[in-house]
Amino acid sequence: MPLIPQPPPPAGGALLTRLHAINAEHGYLPEEELRRAAEELGVPLSQVYSAATFYAAFSFQPRGRHTIHVCLGTACYIRGGEKLLEKLESTLGVRPGETTDDGTFTVETVHCVGSCSMSPVMRVDGDTYGRLKADILPRLLRRYQTEAGGMSDEGT
Amino acid sequence: MKVRSRSDLETLRAEGLSTLYPSRLKISVGMATCGLATGAAAVYDALRDEAARRDLDLMLVATGCLGYCQQEPLVEVRRPGRDPVLYARVTADRARELIAALAEGELPTEGALAIIPEEKPPAGSKPAGGLPRLNDLPFYSRQHKIVLRHCGLIDPASVAEYVAQGGYEALAHALLDLTPEQVIDEVLRAGLRGRGGAGFPTGRKWQICQAVPIQPKYVICNGDEGDPGAYMDRTVLESDPHSVIEGLIIAGYAIGAHQGYIYVRDEYPLAVERVTQAVARAEELGLLGENILGSGFDFNITIVRGAGAFVCGEETALISSIEGGLGEPRPKPPFPAVSGLWGKPTVINNVKTLATVPVIITRGADWYASIGTEQNAGTVVFSLVGKVANTGLVEVPLGLTLRDLIEGIGGGGLNGKAVKAVQTGGPSGGCLPARLFDLPISYETLTQAGSIMGSGGMVVMDEDTCMVDVARYFIGFTMAESCGKCAPCREGTQYMHQILTRITAGEGSVEDLELLEEVALWVKKASLCGLGQTAPNPVLSTLRYFRDEYEAHVKEKRCPAGVCRALIRLSILSELCNGCGLCRRECPAGAISGEKKQPHTINPELCTRCRICYDVCPVGAVEIVR
């Protein structure tokens, strides 16, 4: 038994679920939301903060309107994922983790989205694109630049 | 409706049969992530809109993944009384043509891949003319589907279709006819081993947990499939979520747990969505909750979405993540079966393991044990990806050779190139050379050869893959994913990465190879959890089998595969270049210049050696100088 009585822990998965909800609503984790989560779940703010910094899914910076994840899983890596990233970097003028000046795109890399049979693969928001070649990137990006985004046309 | 008894299951089965085998035209589109990544959503919309425009009576269904990803998007056309026909690589245009033909009462032959004979073909069924049966295609002929039994064949959103295929029968049998001990005994005798990679006997794990006289207990489904190159858990969760739910309830009954968790990785949004829907549907029907099927057994499931941490695939880290802590592992023992979630006895099983359980309960331990080999019963799902002709998910009995898999099912190297190696088991596994391809696949043989079975990722590599670069890639991966709790893994992976970066940059020495091996062995010995203990495997296996490539890098400063940027340069062969300008437009560095229809040149000062020009040149005029 601990010497000082401890509050009951939150329900299984509750903290992660909460962080996901905040991140989905704001696109990142604002400080006041983390403070509120700590209070409501009855966990120390330090624990909330350490979880928030531990996981790759959460951000402390606001994101662009669209987030591009270039997959660098093994299959994508050996079938040209890095070339895709390089082309994307030169087209948009940003490095992984950065957002374009106009706030349209944030570029990230990801360790496998599990579509390895379609490598190389890239994900824009919730849409996954497979069998990509560097030369179709500009056309693909235009869809998101012009409309509000989303995949309506054929895959690639 | 509520399913309170076996006869209620029968009612549900009838409903499922009516949508599986309707008396009208039915078209199914494979819409798991693989299909969606290649345009299945556009195909689905085109089918729907064109059918509406032509006033064609049609039942349109989104199914999961059939495993033959190379041929996605896949569309299955079922006319009443006929064997369904499967179409491959369907585009939106082809989908409209398909509807136009069907409206005329015809079935186009173009793009047709195979027929899928139904288990119980309706009376008077005729095979479509001239097409092979799906299971006779080289990709499928040696497969034995147990885990993937329903994937791509049922609507994952329909419990009724799952039940129509025999789903929840095992649950009824376990809860109503068997004691927990009998359930465990069945799984034990079947010889099922954990399909997450470690291969621990599942029944034994359940037995240990059941024997601990502490309540409450928990069961967890590990769907944190982090190994790059492996995606079978995603496919099962997206295509057949109820098989996992059923397995989890049975596991709960066996050990005496009333709460289950399904932990799914964040990178799988569709899997999270489908499994969440499936749990909600099972709750509505009373297949989850209190007094399941009138047995008196209560069970609930909570879905937890991971947040992008590879280490959470390690069971103690996953448990910590559910508890709301960091996804950091802790030393074992005590094992989770004794002290797991909140310190309570916890069984944690992989998605595929749980999806197998219902089949074992229904068909019996003897049946399952008769598949595969003695120590390696049953089947294993592999994801055949990388530089292989046929990519996809394959499920085979254990004991087949790597050659059967890569050359037989996979059809050999991509574009006819020679296969050099296969990487199995993700970042914890190793690279095996082509000369070992006659090795029968089992947990033991792969481990002896310096790799592991792991979660089933099988990444094929050809002559254009540099094995030193691959080792550097994997160590870069584990370095980034190391949680940092223990020093050997945290520091050791960084140190190995520095050495490998040096070697691939052409700055390595012969002594670096000795140093690399020494560090690798210490990281293996001294790390806290499986992540660190296995992280050196890609390094050690490439040093063992591809030492000549390392030596070329350090002694001759040469990359034989033409990958390592510091050791290659690119040039355009003026006698072949036709001046089309494609490379100039695609070069991300603006390093290529030349007049239209005149031979182009590359400025080596600007060139980053990304090789995009090499890939796009239509006449093969770009040369990699090694």
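1. Helices and strands here are DSSP runs, with at least four residues for a helix and at least two for a strand. On that basis chain B has 24 helices and 18 strands. The model is predicted.

2. Overall form of chain B. The C-alpha trace spans about 75 × 65 × 40 Å along its principal axes. The radius of gyration is 26 Å, which agrees with the value near 25 Å for a compact globule of 626 residues.

3. Packing within chain B. Of its 626 residues, 57% count as buried. Take the contacts between residues at least 6 apart in sequence: 72% of them join residues at least 24 apart.

4. Helix α8 of chain B. This helix covers residues 202-211, and its buried residues are T202(B), G203(B), K205(B), W206(B), C209(B) and Q210(B). Viewed down the axis of α8(B), they fall within an arc of 160 degrees, so they line one face of the helix. The cover over these buried residues includes three helices of chain B, α7 (180-190), α10 (241-255) and α13 (351-363), along with strand β9 (346-350).

5. The contact between the chains. Chain A gives 52 residues and chain B gives 57 residues. On the side of chain A that touches chain B, the elements giving two or more residues are α1 (14-26), α3 (45-54), α4 (74-78), α5 (81-92) and β4 (127-129). The largest share comes from α1(A), with six residues.

6. Make-up of that side of chain A. The residues touching chain B divide into 25 nonpolar, 19 polar and eight charged.

Note on methods:
Residues are numbered from 1 along each chain as its sequence is written. Chains are lettered from A and ligands numbered from 1 in the order in which they are written. This is a predicted model: local features need pLDDT of at least 70, side-chain atom pairs count only at pLDDT 80 or more; totals for chains, interfaces and linings use all residues. Two residues are in contact if their C-beta atoms, placed from the backbone, lie within 7 Å. Ala, Val, Leu, Ile, Met, Phe, Trp, Tyr, Cys and Pro count as nonpolar, Asp, Glu, Lys and Arg as charged, and the others, Gly among them, as polar. A residue is buried if 20 or more other C-beta atoms lie within 10 Å of its own, exposed if 12 or fewer, and partly exposed in between; C-beta atoms are placed from the backbone. The arc is that of the directions from the helix axis to the C-beta atoms. The radius of gyration is taken over C-alpha atoms; the globule rule is 2.2 Å times the number of residues to the power 0.38.
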